[in-house]
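User: I would like to go through a structure and ask how its labels are earned. Please set each value against its definition.

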There are 2 protein chains.
Amino acid sequence: MTNKNVILKKSFLMTRAEENYIKTIFHLGGHSAVPIATNAIAEQMETKPSSVTDMAKKLAEKGLVHYKRYQGVSLTDSGIKTALSIIRKHRLWEVFLVKKLDFTWDEVHEVAEQLEHIKSEKLIDKIDELLDFPKYDPHGDPIPSKDGKFMVRDKELLSDLDAGVSGVCVGVKDTSAPFLKFLDKNGIALGKTITILEKEDFDQSLHIKIETQELHISHQIASNLYVKKHD
Amino acid sequence: MTNKNVILKKSFLMTRAEENYIKTIFHLGGHSAVPIATNAIAEQMETKPSSVTDMAKKLAEKGLVHYKRYQGVSLTDSGIKTALSIIRKHRLWEVFLVKKLDFTWDEVHEVAEQLEHIKSEKLIDKIDELLDFPKYDPHGDPIPSKDGKFMVRDKELLSDLDAGVSGVCVGVKDTSAPFLKFLDKNGIALGKTITILEKEDFDQSLHIKIETQELHISHQIASNLYVKKHD
DNA sequence: AATAAAATTTAGACAAATCTAAAAATAGGT
DNA sequence: ACCTATTTTTAGATTTGTCTAAATTTTATT
Ligand SMILES: [Mn+2]
Ligand SMILES: [Mn+2]
Ligand SMILES: [Mn+2]
Ligand SMILES: [Mn+2]
């Protein structure tokens, strides 16, 4: 087998489980030098630490993660590339589902979790083209380009801003269906302008204006909404 | 667990391997009373007969096939329903790839083999709607509706027709990429009118007119082209 | 009907991904 | 520095889907 085929094999012969581990490690911050703890990965993936250890060894064997016993794992350059490719697919499929099939933003994640594992470079590139090369997914998260680059929009948690400040809602931190449905119910959506009218010292709850409507939201809600401040 | 959940489990908790076996059995004709031989399934799936036996037992356990030792397998009503649902997904995805993403008809099968296993009823129904409820896939094969019904177009193999007869090309029997590429190269496509000008007794090869162009094709080619005769 | 050939099943093994329970290593507190 | 609590790894088992080799059943041939 040629060296080129070995390289191809590595990226094409990833199992679904392997891909899910790589993606989780990336999301936990394992792309930086800081290694991620076995337990953190296990908790995030709803599996047991012993399973994570087994997989860490396998991924290290494949050159996708750095792993030293008891020292946690972090992604190699190859692992980061792989993670970005999966995240790209996940987010593009989410945009597709919303823009072309009228899914709501709380419905797309579950299906994208499956679609992100479809192996076809042509397929995802054509989906990208069909969607006119979107930069952000339905939850405001950036979509990596084919070569792994993506916009890091400067945004802040609504809960970190002071009274009087206003900006545009550009993302959500919690992407769970219940949270997204709550936002729908209260007229909060990406692209809308939010102004902090008042901040309650006692419980950090906020009195906000969203477009024309006034609303009271808890700290928990505010700490899951990303806003881009007006200049 | 309620009875309803048990039923749901059966249709939702199918593994990819199980789905592929069910689909293969259906394609080999196992939907009729005639049971399909273990070896036939093994050959079609490029696996070993012993593996087929193991899976036959599991599928029988789940009520998807009839199975008696040494007697082959056939699909139960539930198995047929399952097979039609997978085939529906496969063919709708093939149409999607051709109509919306500019895939050629020789590229779609491999990707559809993956996409057919995505679990989301809403997804496939929305794809169906986006495509305006197509009745046939890019190879002329009928697409089962949500409730498992589909058109059986009356069509004949070009090789079974006599000289002088003409009709419209409505399907291919061999859907392999090499055959489809051969057809492209020779200007043969679904929807085109074909007339048999002459039939060579010796080797059954045909001299045909396809639209305005004349062409000589072997028996092997003719026996993989479906035609609907003109009235 | 007996025997040979072919098809099918069984038995036992293996790889992938997971688990539980026990052992080992690390980190934190005094 | 020592002890303890926590984290992580190892060892061994389990499930799914596969394989090879041997045994069994069916089918075809004499
Ligand atoms: Mn998502
Ligand atoms: Mn998202
Ligand atoms: Mn196909
Ligand atoms: Mn087809």
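The turns below deal with the model, the metal sites, the aromatic rings and the DNA contacts.

User: What kind of model is this, and how are its parts numbered?

Analyst: This is a predicted model, in which local features need pLDDT of at least 70 and side-chain atom pairs count only at pLDDT 80 or more, while totals for chains, interfaces and linings use all residues. Residues are numbered from 1 along each chain as its sequence is written, chains are lettered from A and ligands numbered from 1 in the order in which they are written, and side-chain values use heavy atoms, with hydrogens and water left out.

User: What makes a residue a donor of the manganese ion (ligand 1)?

Analyst: A donor is an N, O or S atom within 2.8 Å of the metal (3.2 Å for Na, K and Ca); water is not among the atoms, so sites may look incomplete. His90(A) (NE2), Glu94(A) (OE) and His109(A) (ND1) lie 2.0 to 2.1 Å from the manganese ion (ligand 1), and they are its protein donors. Their spacing in sequence is H-x3-E-x14-H. His90(A) belongs to helix α5 of chain A and His109(A) to helix α6 (residues 108–115) of chain A, so the pair ties together parts that are 19 residues apart in sequence. Helices here are DSSP runs (H or I, at least four residues), as are strands (E, at least two), and both are numbered from the N terminus.

User: Which residues are the protein donors of the manganese ion (ligand 2)?

Analyst: They are Glu94(A) (OE), Asp137(A) (OD) and His139(A) (ND1), at 2.2 to 2.3 Å from the ion. Along the chain these donors follow the spacing E-x42-D-x1-H. Glu94(A) is in helix α5 of chain A, and His139(A) is in the loop between α7 (121–130) and β3 (156–157) of chain A, 45 residues apart.

User: Why is Glu94(A) said to bridge two ions?

Analyst: Glu94(A) coordinates both the manganese ion (ligand 2) and the manganese ion (ligand 1), which are 3.5 Å apart.

User: Is His109(A) buried, exposed or partly exposed, and how do you know?

Analyst: Buried means under 20% relative accessible area, exposed over 50%, and partly exposed in between (1.4 Å probe, protein chains only). His109(A) has a relative accessible area of 33%, so this residue is partly exposed. His90(A), at 8% relative accessibility, counts as buried. Glu94(A) also counts as buried, at 1%, and so does His139(A), at 2%.

User: What is found at the manganese ion (ligand 3) of chain B?

Analyst: The protein donors there are His90(B) (NE2), Glu94(B) (OE) and His109(B) (ND1), lying 2.0 to 2.1 Å from the ion. Their spacing along the chain is H-x3-E-x14-H. Glu94(B) coordinates both the manganese ion (ligand 3) and the manganese ion (ligand 4), which are 3.5 Å apart. His90(B) counts as buried, at 8% relative accessibility, and His109(B) is partly exposed, with a relative accessible area of 34%.

User: Why is the pair of Trp93(A) and Trp93(B) called edge-to-face?

Analyst: Rings of Phe, Tyr and Trp (its six-membered ring) pair if their centres lie within 6.5 Å; planes under 30 degrees apart count as stacked, over 60 as edge-to-face and the rest as tilted. The ring centres of Trp93(A) and Trp93(B) are 6.5 Å apart and the planes stand at 85°, so the pair is edge-to-face. This pair crosses between chains, from helix α5 (residues 77–101) of chain A to helix α5 (residues 77–101) of chain B. Both Trp93(A) and Trp93(B) are buried.

User: How do you know the type of the pair formed by Phe96(A) and Phe96(B)?

Analyst: The centres are 5.5 Å apart and the planes are at 70°, so Phe96(A) and Phe96(B) are edge-to-face. Ring pairs link Trp93(A), Phe96(A), Trp93(B) and Phe96(B) into a cluster.

User: What makes Arg153(A) sit over the ring of Tyr136(A)?

Analyst: The rule asks for NZ of Lys or CZ of Arg within 6 Å of the ring centre and within 35 degrees of the ring normal. The charged end of Arg153(A) is 3.5 Å from the centre of the Tyr136(A) ring and sits over that ring. In chain B, Lys155(B) lies over the face of Tyr226(B), at 4.2 Å from the ring centre.

User: Which contact does Tyr67(A) make with DNA strand D, and what makes it polar?

Analyst: A polar contact is a pair of N or O atoms within 3.5 Å; within protein, one must be able to donate a hydrogen and the other to accept it, and residues adjacent in sequence count only if both atoms are side-chain atoms. An N or O atom in the side chain of Tyr67(A) is 2.4 Å from a phosphate oxygen of DNA strand D. A polar side-chain atom of Tyr70(B) lies 3.2 Å from a base oxygen of the strand.
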